[in-house]
Structure formats: C-alpha cells, structure tokens
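User: Please take a close look at one strand in this model and its pairing partners. Then set that part against the rest of the chain.

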Amino acid sequence: MDLSDISRRGFLGVTAVGGVAAGLGREASRGTAKAERANAQSDDGSLLEIVTEEEGTLFYEFEVAGRVMKVFDRGDDSAELRNDDVDEERSEQVTVTGETANGQGDSYRFSGTMVDFEYNDESAPSFTVQLDGEDVTDRVTALDTPDSEYDRDLFEIRTESDGTLYYDFLVDGRVTKALDEGENSAERGTADRGADDVDRFRDGTWGVLGSASDGYGDAFYLYGPLLDFEYKTDDYPEFRLLLNGEDMTDELLRRGRVEDDGRNGDNGDDRDDDDDDGDDDDDDAPEELDADIQLFCYEVNVDAESYEEVALRMSDGSTQRFTGDYGGENRFGFSGSGSVRDEDELFTEYHGWVREAVVSDGSATASASNEPGSCLDVSRECSGITMEDPDDVNVDVSLYFADGSAKGLDVREPSPVEFVSPGRVFDRASFDTPDEVVIRNDDTSCDPGEYATTFDCTEVTVGEEEFGSLPPQFAMARLLFVGGDTQTFGDQLGPDDFSAPRTFAGTDEHEGKVIERVQIAADGGDVFFNLVNPDVDDCDPETPDGENGADDIECAEVNAEAEYVVFTNTGDSEVDVSGYVVAFEYGNSDTDQRRTIPDGTTIDAGGDLIIATGAEPVDDADVTFDYEGEVLNNDETDVVALLDTGGNEICTISSQSTATETETETETETETATGTTTETETGTATDTPTDTPTETPTDTPTETPTDTPTETPTDTPTETPTDTPTDTPTDSSTGSE
C-alpha cells in the first residue's frame, strides 16, 4: 500500500444500538401539541450546531426521524461536502456522518426527532451541541453508546530503537485512537499538526497513516479485522506489532511490505548494483546519494546524513529550489498542502504538483518522481478552476469567492471538470486529496466577467453557465431573505427536476421579500452552491398587501422572568401580523433565535398581542412559541425585534426595558432669558416652567436643542433559573428543543 493512496475523508460508521430511541413517542406527541398552538418554526427546521473547543478530531454520527439539511453559511461552523454526509437510508429516517476539528464545527437544520448520536467518546476533543442557540450537549451525548462497550481490539505499534517508522494500515471497520497507553498512545491532534491520521474510505474500510520513533509507539482501537499493515522506509527502527498484547509482527509482515516504490533510482530495483542496461562497470554513472525520499503530490520528506540542495520540478514546468546545509529529516514543499508545517521549507505560490524531487550533495544525487495521473491537476481562472482527477481517487472540492459565496462538489464526473461562478472572483479552493491542498487565487483584482446567476432584489435567475462543465440540472433552490426567513423549492436529496436557466422569487407570505442569497443543490447533495446577492444593499423591500398599519405597532413590554413580549397596536384599525418574525437575539449573528408568528394572527385597534417564548407558562398569551430553555431570562441584555414579512424592522426593545428605545427620547430646549422652559417628550409633551432669574438677561434668545435618551427599566431578574433538560432534543415540528 502506498501512503499517497490514502484519502483523508473521515466518516463515523457506528451502528446505532437498540434502545437509544426510547422516548421518541413521548417527544413526538409533545411536539404535536406545541405545533397546534403555534407553528413558529421555519420550514427548514431547527438549527443544530456541533462545535469543537480544542485541538483534536470529533467523529460523529446521528440519526433523525425526519429530515436533515446541511447549513453552509455559518462560517467556521458550516457543514462541508468534503467531510460530512447526509444519507436518507429509509423513508423518514436520516443518518448523518461527519467530522470536525480544532475549534471548528458543523451545522445542520433538521425537522423531526434525534434518535441516536454516536461519537468517538474516548478520543474526541471537548465539544458543544446547540439547538437553536440552546446548549443540549448533555442530552445529545446521553444517546451515545460508549466505545468501550463495543467488541474491539487494541492494536499497538512499538518502536524499539532510534529512527522513525512510517506506517499505514487498513481495517474492515471503525478505528479510534487509544490515548491511555502511556508512551505508546496515539496523538490526539490532527494530521496537519503532525499527529497520526485516521480516515474512512468509500468502501467502508478505515485507514490510518502515521509514524512512531525512538522507542515510542502508537495505539489504536480496531472495531473490525486488520486487513493489511505496510511500512515505508529504508532505514526503519526495530519495531513490534501487538494485537491485544499478542506479538503479531511476523504474521502481519508476511502479508507483504513495500521494500521500495521505485523512487530511489534503478527503476525501483535496489537489490543489486547493476544499472538499467545491465552494465556492471559504468564509470560514468553519477554518484548515488544515500537518502530516504518520500515524495507526495505537493511535498517531499528527505532523510539523509547531509545534503545541499533539494530541487522540486513542478507540473507547470518551473523548478523550486531549496539550498542550505541540511542534515537529517526535513520536509520541502508547497505551503498550501495540509501536510506541511510552518517550520518546513516551503514555497507559497502554486505551481502544480511535484513531478520529480532531486536531492544533491556535491556530485551525489538521489531522486524520486510521481507518475502522471497520480496527482490532482488544477488550472486557475478568475472565476474558478478546472481540474483533472488523479487516478482511482475521488475528490471533493470546496470553492470560496471574495464576496462570501461558496460552492461544493463531490467530483464524480469524468475529468476535466470546470468549476466556476462567472461574475464572482474566486478566492481559494480546498481539496479533499491525500495532501488536503488549498490553492489560492494570486490575482483577486482580475475581471470575472458577467454574472451567470443574476439577482433583481426580489427574484433570482440561476443561469446555465453557473454549472460550468456540470449538467445544468438541480434538485433544490433555497431562498434566504433579508431578515432571516427562508423558502425552499424542491428537495436537497430529491431528483434533479429543475433546469437552468430558472427564475425563483418568494411566494405567499414571502412575496416581495428581498433575496440575500440563493442555495442550489444537485446530484443528491453532492453539488451545492451558496451564492450571495451582490446588490442586496441597494434593494428596498416591497411591502406586500395587508401590511398597512405596521407603523402603528410598538414594542411595549418585555417580561424576561415570565418569558413573554407585548406588542401594542396604537392605530385605529386592526393590523394583520401573520408571517411577521420575532427575533429574540436581534443583531447577534452568532445566535439564531427567530420565530414566525402564525397565520391568522392580528392585533385589534388599541389592543395588545402577548407572545410567550414557551419557556414559562403564560395563561393569557395569544401566541406561544416552542422554546423550553430560557430565552429572555438570562444574565445578558438581549434585544427583541419585530420584523415584517419583508424583513423590515417594525420596533425593537431591550430585554431589560418596558418601552422601545425610539419612544424614550427626551428632547430638551433651553432658551436663555429671564426664565428657562424645558420641553420633555416621552410620548406626551409636558411644559415645566422654572423661574430661574439671571443677573444679565439676554435679549437675543439662543435655541440649543439637546437629545437626551433615557431608558425606563422594568423588573430586572436577580435570579436566573437553571433549566436541566433530560429529554431527547427535537425540532419544534415534532418535539421540544
């Protein structure tokens, strides 16, 4: 097995254990009752975020009785096509497998009940799980069956002398790192930080690529049979392989070992001193340098006693040279490779893949080369890339643009593939190759041409050119409106029934809303676009019919302790607020706590609308949302906003206030004369004459208006109740959060 054959995809393949779905019926019935009171959740379901908090990789799998969609617009906490997979195994049952690491996370929207959550509990970094902003980590991890309860084997790789052993092995089943084996423990970190790498492949097998040296070792838990073990170095230390404490070294090595891969000259034959022509006495042959060379697509590891130069001959015809007094083991390569470290010898501009590496020390040389077709070949243009896949390796690519747009592709089409977004400047491309390479656009001032997908504020047309060399058919278009509402056409995992060009606009309660971005999915979710409206700031939302009178609505009161908000209609006619949105964390981009007011909801002239979060019982509430954890009753001051169906702000109020900010301004006019008149406006103007004689009256009055905002605080809670959820988390359409 060649090290470069290992793809770095990582999926968790743990089968759910019986009994973890207990309570599904209870949660489902509770959710139905709440849904009847107020259908307050968006069509796409609740927002689930899984975020790591330290170095290391979290492998996870969860099952939902319902529907799941990836979320791609949460920054570092977005789901990825490269590492995260949504599989609808059977009707209304979805399995999600993924990985996230080093302080980053993944996000999904789901509607239904989570019935299982499995993760690498012994080797995972600390992490949190949030459902619509509420921490549900304890409830989710309680569904996990501990790794120690599965049948598994402890596999140890122990070095017994100086030197470095580079190895890889294959398992027909899951693999996790064993971190409690002392000097023989695997490293918790990730491959890009020098630790051993664990991956799952498309055929269901798992692979490990790692190294151990100088009397230390590595250990792993295997949840299936060990299929193969390979090690790849000419100067390896003595080592032993133990399976559950039993020495299996001889048996495993009899299954085959790569003595040499043909990179060290003589066409791979190092067993004699003959050259390739069979001439034993060729005095003109260059002196051979005794060096161990491990060549990958974008970097090379060199280990030799001494050497002066490493020359990398690249696929674009250039040569990248490194010179110095080198000795021992060093790494040279492209800075965009995920396998290199800052302390390595690197070049920063992309020049393709390494065709050949030549190591020199005086007249002595050693070399290694990559065969054509063994590495990803990428060419760049202003609006994207064209790539040719390496042989026998499936490639996932994520493409990011300067305006915040992004595209994801699980490449299954024949090479080459053109992956572009005309009109947008490509910033970087990230590839799921063995090197996990990132390639950047060196000239972001380029001209990307005309847009393939065009926005006209309230509608968007997806153009055929948006698909590059891919078929211009897709399964889903999701519109994300200003204000946070969404509307979905089609099904992310459904058939590709739409064909470009195709125009979409908000319908029903979303009619006239300004589109902030559009998301496109095709090929069972293997193709995904997230395209930003470049002119959204220049758009004015239209006001749909029936929204007259919205200006008469005021945010009247927030009772944080009782968990409700009051909106008042100060006008002379009834106002229909169906489809309006209450944002409980308005202005906080890190928390999505918005709920939509149900159809048929109105506020009478001069009347109030009481909206409860659901965290506390409110007997006279007109609408009750589906929160169970506290929303308003916390230690922080939140801003609550009412938004119309176009995303326009109607009013805002602080969770520590009883009136809107706009209603508590105090205007003071001071006139210098024999007396001072102060006019204070707090909804009703009052005149307060104050006789203040002055020694020198001024005949010319000077008017100095001064705006002094004031705030009238209401009851401030002094105690924050603690909610200890115990039930299985569910989305609002079928259960509690």
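Analyst: Strand 6 and strand 7 (residues 134-135) form an antiparallel pair with two bridges. In that pair, Gln130 faces Asp135 of strand 7. Two residues separate the strands of this hairpin, and Asp132 has a positive phi near 50 degrees there.

Strand 6 also has another partner. Strand 1 (residues 46-52) pairs with strand 6 in the antiparallel sense, over five bridges. Thr52 is placed opposite Phe127 of strand 6. Strands of a sheet are joined by backbone hydrogen bonds, in either a parallel or an antiparallel sense.

How many residues of strand 6 are buried? Four of the five, across residues 127-131, so the strand is largely enclosed by the rest of the structure. The cut-off for buried is under 20% relative accessible area.

Now the wider frame. This is a predicted model. The protein has 737 residues, and 52% of them count as buried. It holds three helices and 52 strands. Among contacts with a separation of 6 or more, 69% join residues 24 or more positions apart. The exposed area is about 32700 Å², with 40% of it supplied by carbon and sulfur atoms.

Confidence comes next. The average pLDDT is 75, and 71% of the residues score at least 70. Residues 658-728 have a pLDDT below 50, and this stretch makes 110 contacts in the model beyond near neighbours in sequence. Residues 731-737 are also below 50 in pLDDT, with 44 contacts beyond near neighbours in sequence.

Other strands show comparable detail. Phe220 lies in strand 13, residues 217-222. Is Phe220 buried or exposed? Phe220 is buried, because its relative accessible area is 0%. Its C-alpha atom is 6.7 Å from that of Val175, although the two are 45 residues apart along the chain.

Aromatic rings add further links. The count comes to 33 aromatic pairs. One of them joins Phe59 and Trp206: the ring centres are 5.9 Å apart and the planes stand at 65 degrees, so the pair is edge-to-face. Phe59 belongs to strand 2 (residues 57-70) and Trp206 to strand 12 (residues 206-213), so the pair ties together parts 147 residues apart in sequence. Phe59 and Trp206 are both buried.

Phe467 and Phe474 give another geometry. Their ring centres are 5.8 Å apart and their planes meet at 20 degrees, so this pair is stacked. Phe467 counts as buried at 2% relative accessibility. Phe474 counts as buried at 0%.

There is an aromatic cluster as well. Tyr298, Tyr307, Phe322, Tyr326, Phe332, Phe334, Phe347 and Tyr350 make up one cluster.

Charged groups also meet rings. Arg174 lies over the face of Tyr150, 5.9 Å from the ring centre. Arg428 places its charged end over the ring of Tyr400, at 4.2 Å from the centre.

Further along the chain is an open sheet. Its four strands follow the order 39-40-45-46, and the pairing is mixed. Why does one side of strand 39 and of strand 46 lack a neighbour in the sheet? Strand 39 (553-559) and strand 46 (623-624) stand at the edges, and each has a single partner strand, so one side of each is left without a neighbour. Strand 45 (residues 608-612) and strand 46 run parallel, joined by two bridges. Here Ile611 has Val623 of strand 46 as its bridge partner.

Last, a loop residue. Asp162 sits in the loop between strand 8 (153-159) and strand 9 (164-171). Asp162 is exposed, because its relative accessible area is 65%. Even so, Asp162 has contacts farther along the chain. Leaving aside neighbours within four places in sequence, Asp162 touches Asp214 and Pro237. The C-alpha atoms of Asp162 and Glu238 are separated by 8.1 Å, with their positions 76 residues apart along the chain.

Back to the strand you asked about. Strand 6 pairs with strand 1 over five bridges and with strand 7 over two. Both pairings are antiparallel.

Conventions:
Residues numbered from 1 in each chain as written. Predicted model: local features only at pLDDT ≥ 70, side-chain atom pairs only at ≥ 80, totals over all residues. Heavy atoms only, no water. Buried < 20%, exposed > 50% of the residue type's maximum accessible area, 1.4 Å probe, protein only. Contact = heavy atoms within 4.5 Å. Areas by Shrake-Rupley, 256 points an atom, 1.4 Å probe, with all protein chains shown as cover. Pairing = 2+ DSSP bridges. pLDDT = per-residue confidence, 0-100. Phe/Tyr/Trp six-rings, centres within 6.5 Å; stacked < 30°, edge-to-face > 60°. Lys NZ or Arg CZ within 6 Å of the ring centre and 35° of its normal.
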